[in-house]
Amino acid sequence: MEQIGIGVIAAGQMGQRHANVYRQLPEVQLRAVADLNAQAAHAAADPAGADVYADWRQLLEREDIQAVSICLPDWDHRDAVIAAAAAGKHILLEKPLAIAVADADDMVAAVKRAGITLLVGHTLHFDPRYAMPLEDFRRGAIGDVIHVYARRNNPIDSAEKFEGNTTVLQFLGIHDIEYVLSMVDEPVVRVTAESHQVLATDLGIDDAVFTLVKFASGAVASFEHAWTLPAQDFRALDARLDAVGTKGMIRIDCAPATSLTISGEQVETHDTWYGPTLGADYVGAIFHEVKHFVDCLRTGAEPAVKLKHAHEAVRVVDAAQRSAASGKPISLVGDR
């Protein structure tokens with residue numbers, strides 16, 4: 001089978017990971033990487049013998065590239081996705097779809113016009129701790145959802161590194177919100193949120209947001225999201241999800257997320273879930289995300305992350321932020 005030509009747009013941490021996984025897959029060939037940072041672009045491209053561009057628009061002009069990974073910052077997705085769709089390229093887009101509802105609407109419209117495949121990289125669908133329970137739920141293991149509780153907390157340095165360009169809900173919260181939307185799979189009718197700002201006051205963003213989501217069936221979901229853990233806290237991520245249904249419950253506990261700790265002269269922690277390596281090979285959720293994208297292109301299968309849920313998650317996050325700012329519930333009935 002002829003290899004699929006791949007381009008990677010943006011060679012930061014996630015772009016490097018995508019490039020490394022593509023090099024492992026015989027079904028594809030990494031042909032170009034685009035990034036304003038030439039050193040980063042070459043680090044991702046050179047091991048595969050791929051070309052390097054400063055401008056991602058040049059990459060999209062190549063006829064030998066059929067698909068792209070877009071790993072730009074959260075707030076910079078719109079133009080690249082719309083341009084890639086117009087060029088007929090299939091897209092693996094790192095989450096979230098967008099941080100503005102209007103941008104998300106424009107992107108979804110462009111993808112539908114072009115008829116291309118778009119996989120939004122919500123990694124929980126490729127993390128066995130979340131993917132396996134979702135399969136159990138969909139086969140009816142716990143019946144209909146009554147209520148869900150989810151939390152995802154990070155150290156304060158997560159907020160600091162983004163310098164106010166994204167929020168705790170856009171960066172952390174959207175993971176759990178999209179996951180619960182895909183689980184319940186019904187319209188959201190109301191969103192209520194409360195927030196607190198004290199440690200990140202100089203950044204103009206909230207430290208913690210508690211969100212309550214009401215679904216059309218009456219099911220409710222409660223979300224806790226914060227990036228206020230001490231920076232020296234080795235756990236890096238404190239995440240949990242409980243889903244209670246009419247026939248039982250599902251519990252996911254991801255604390256600590258970095259389950260490998262080596263204590264010597266200094267304490268070292270290692271990621272064993274998202275992007276760990278075995279020798280020269282990447283494994284973990286990012287590997288499975290990228291491989292799933294390639295499999296969808298080869299077989300025509302529908303992506304595991306449905307575009308409607310990724311789109312709705314942007315709307316719910318936006319509603320939660322408006323609710324927290326106004327002190328009032330936000331109705332989403334008829335707001336589609």
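The legends below describe close-up views of a predicted model.

**View 1. The seven-stranded open sheet.** Seven strands form an open sheet in the order β12-β11-β7-β10-β9-β8-β17, and their pairing is mixed. The edges are held by β12 (249-253) and β17 (330-331). Each of these two has a single partner strand, so one side of each is left without a neighbour in the sheet. At the β17 edge, strand β8 (residues 188-196) is joined to β17 by two bridges, and the two strands run antiparallel. Here V191 has I330 of β17 as its bridge partner.

**View 2. Strand β11 and its two partners.** Seven of the eight residues of β11 are buried, which leaves the strand mostly covered. On the β7 side, eight bridges join β7 to β11, and the strands run antiparallel. N153 is paired in this way with D238 of β11. Towards the edge of the sheet, β11 and β12 also run antiparallel, joined by five bridges. A243 stands opposite I250 of β12. The connection from β11 to β12 is a hairpin of three residues.

**View 3. Helix α6 over the β12 end of the sheet.** Helix α6 (residues 128-138) lies across β7 (145-155), β11 (238-245) and β12. Relative to β12, the helix runs at about 175°. Its buried residues are R129, Y130, A131, P133, L134 and F137. These buried residues pack against the strands β7, β11 and β12, and also against helix α8. After α6 comes G140, which has a positive phi, near 90°.

**View 4. Helix α10 over the β17 end of the sheet.** Helix α10 (residues 307-326) lies across β8, β9 (208-215) and β17. The angle at which α10 runs to β8 is about 50°. H311 is one of the residues of this helix. Its relative accessibility is 17%, and H311 therefore counts as buried, the limit being under 20%. Beyond residues up to four places away in sequence, H311 touches L97, A104, D105 and V108.

**View 5. Two aromatic pairs.** The count of aromatic pairs in the model is two. In one of them, Y130 and Y179 meet edge-to-face, with 5.2 Å from centre to centre and 85° between the planes. The pair links distant parts of the chain, as Y130 belongs to helix α6 and Y179 to helix α8, 49 residues apart. Y130 is buried, at a relative accessible area of 0%. Y179 is likewise buried, at 0%. The rings of F171 and W227 have centres 6.1 Å apart and planes at 25°, so this pair is stacked, the limit for stacking being under 30 degrees. This pair too links distant parts of the chain: F171 is in helix α8 and W227 in strand β10 (residues 220-229), 56 residues apart. Both F171 and W227 are buried.

**View 6. The largest nonpolar core, around Y22.** The largest nonpolar core has 108 residues. Y22, I70 and L97 are the residues with the most contacts inside this core. Helix α8 (residues 168-184) gives the most to the core, with 11 residues. Setting aside neighbours within four places in sequence, the residues in contact with Y22 include I6, V8, V28 and L30. Further contacts of Y22 are S69, L92, V290, F293 and V294.

**View 7. T123 in the loop before α6.** T123 is placed in the loop between β6 (118-121) and α6. Its relative accessible area is 7%, and T123 is therefore buried, since the limit is under 20%. With residues up to four places away in sequence left out, T123 touches H175, Y274, A285, I286 and E289.

**View 8. R57 over the ring of W56.** The charged end of R57 sits over the ring of W56. The distance from this charged end to the centre of the W56 ring is 4.1 Å.

Terms used: Residues are numbered from 1 along each chain as its sequence is written. This is a predicted model: local features need pLDDT of at least 70, side-chain atom pairs count only at pLDDT 80 or more; totals for chains, interfaces and linings use all residues. Side-chain values use heavy atoms; hydrogens and water are left out. A nonpolar core is a set of buried Ala, Val, Leu, Ile, Met, Phe, Trp, Tyr and Cys residues joined through side-chain atoms within 4.5 Å. Buried means under 20% relative accessible area, exposed over 50%, partly exposed in between (1.4 Å probe, protein chains only). Helices (H or I, at least four residues) and strands (E, at least two) are DSSP runs, numbered from the N terminus. Contact means heavy atoms within 4.5 Å. Two strands pair if DSSP finds at least two bridges between them. Axes are lines fitted to C-alpha atoms, for helices over the stretch in contact, and angles run from 0 to 180 degrees between N-to-C directions. Rings of Phe, Tyr and Trp (its six-membered ring) pair if their centres lie within 6.5 Å; planes under 30 degrees apart count as stacked, over 60 as edge-to-face and the rest as tilted. A charge sits over a ring if NZ of Lys or CZ of Arg is within 6 Å of the ring centre and within 35 degrees of the ring normal.
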